[in-house]
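Good morning, colleagues. I should like to take you through one protein model, going from its strands to its domains and its ligand shell.

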Amino acid sequence: METLKVRIGNKLVIGEPGHIVVQTMCNTHTYDVDATVEQCKAMAAAGAELIRITVPGMKDVPCIREIKERLRSDGIDTPLVADIHFSSETAMAVAGIVEKVRINPGNFHPDHEVARARFQELLGICKQHGTAIRIGLNHGSLGKYITELYGNTPLAMAKAAMEWLQMCIDNDFLQVVVSLKSSNTVVMVEAYQILHSLMEESGVLFPMHLGVTEAGNGDSGRIKSCVGIATLLEEGIGNTIRVSLTEDPVAEIPVARYLAERYSGREITMPASRERVILDAACSYGPDLLMRRRDSLSLNTGLGAEFDRYLEDEIMQASRRRFYKPEYIACPGCGRTMYNLQDAFEKVKARTSHLKGMVIAVMGCIVNGPGEMADADWGYVGEGNGKVSIYKKNVPVLRHIPEDDAPDKLLELIESQQ
Ligand code: SF4
């Protein structure tokens, strides 16, 4: 079945056969217009075809307008996506400014019926301005109404998406892209596969935005992203991708370009390098491991036996077949981030690297972080003002800990409860 084509601004189309659109997201504060404009320019120069910027509330709306105006006057025409959580009012205010609005229906409004009414209103505004929408659901932040029906499952994610997509169809609004992200590669793949089947059954196939959310950083983040995204692209599912890394977002682009080139049959432009070896191996073997078409892995990359065993362990863990270290969930950070996330993540890893199999989340903000760390045994969340909260599962157990003490406090708490 043919995928719908969604126009983002004047030039970009998501859903074109043979074109996987590469996108990323700023991690600057949106109110810091200078820093955000600079980061957008760096992203565009690196090859980002679409750039997302968080718009936390109404006070940030003039900032995103200014960011767009400055980029356009400097000759950068990369379309912008406003990322909205918790504020339907803000979604409606930016819909006339940016080329695309991302909403998370799970937190569009706490009351489901009000959320539906507001979403319908948003569709009208987007239609008027030619603005596209992404319905972006995350495993950790499904609405209560849907988890009561289906649990916190891939099926629940797909069913929730179908409800909002059906509203778009009913309102004759088809400029829609959909995503169902999870930090768990198996959950993420299954959710997209179910949604793809449900959309085919319904007769309307919206383009899909793929990503493994909160994938972490370094080799692990790259491998986890490749395993999840490659499994779907191999099946012909996915039209735009974001590789989420807890790093400078410009570093995401080469990985995303590699995936886009590899799975659209284009020549891969990434030069031979350690990173290329890692991505090649993750994409060549991860999908078969994740889909249980193979059970083991024996690599010979030419970079030494120690590296080969390390890479095998990483790919096995990313495919969720064997855990050799803790499973880290770390958000990439965005304009809501309340502390030095990259630094905090490294400190937490240094204290907890011996806790094999434990799931530890390091999240950038107290507003969205706790809701997004679905599978975590422990959560480490930036509060702002130099303070951190520690969560056990989804329950806060220590609040307002000074950042310098928090990694030790986390380890003390974990050890006291083992
Ligand atoms: S959890 Fe991280 S990526 Fe998500 S809104 Fe908060 S800071 Fe941004």
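Two strands are taken to pair if DSSP finds at least two bridges between them. With that in mind, please note that the model before you is predicted, and let me begin near the end of the chain. Strand 13, residues 378-384, is joined to strand 14, residues 387-392, by six bridges, and the two run antiparallel. Within this pair, Val 381 faces Ser 389 of strand 14. The two strands make a hairpin with two residues between them, and Asn 385, in the turn, has a positive phi of about 55 degrees.

Strand 14 also has an antiparallel partner in strand 15, residues 395-402, through five bridges. There, Lys 387 has Pro 402 of strand 15 as its bridge partner. This hairpin too has two residues between its strands, and Lys 393 adopts a positive phi near 50 degrees.

I turn now to the parallel sheet. It is open, consists of eight strands, and follows the order 8-7-6-5-4-3-10-9. Which strands stand at the edges? They are strand 8 (176-181) and strand 9 (209-210); each has a single partner strand, so one side of each is left without a neighbour in the sheet. Elsewhere in the order, strand 3 (residues 21-25) and strand 4 (residues 50-54) run parallel and are joined by three bridges. Thr 24 is placed opposite Ile 51 of strand 4.

Next, the domains. The protein is divided into domain 1, covering 6-269, and domain 2, covering 327-416. Their C-alpha centres are 25 Å apart. How many residues of each domain are in contact with the other? On the domain 1 side there are 28, and on the domain 2 side 19. The domain 1 side of this contact comprises six nonpolar, 19 polar and three charged residues.

As to the interior, the largest nonpolar core has 99 residues, of which Ala 161, Leu 259 and Ile 315 touch the most other members. A second, separate core of 26 residues includes Cys 331, Met 338, Ala 376 and Trp 378. Returning to Leu 259, its contacts beyond four places in sequence are Cys 226, Ile 229, Ala 230, Leu 233 and Ile 241.

Finally, the ligand. Among the residues around it are Cys 331, Cys 334 and Cys 365, together with Arg 336 and Glu 372. By class, this shell holds five nonpolar, five polar and two charged residues. Thus Cys 331 belongs to the second core and also to the surroundings of the ligand.

Technical notes: Residues numbered from 1 in each chain as written. Predicted model: local features only at pLDDT ≥ 70, side-chain atom pairs only at ≥ 80, totals over all residues. Core = buried A, V, L, I, M, F, W, Y, C linked by C-beta atoms within 7 Å. Buried ≥ 20, exposed ≤ 12 C-beta atoms within 10 Å, placed from the backbone. Contact = placed C-beta atoms within 7 Å. Domains from an automatic or database assignment. Nonpolar A, V, L, I, M, F, W, Y, C, P; charged D, E, K, R; others polar. Helix = DSSP H or I, 4+ residues; strand = E, 2+ residues; numbered from the N terminus. Near = placed C-beta within 6 Å.
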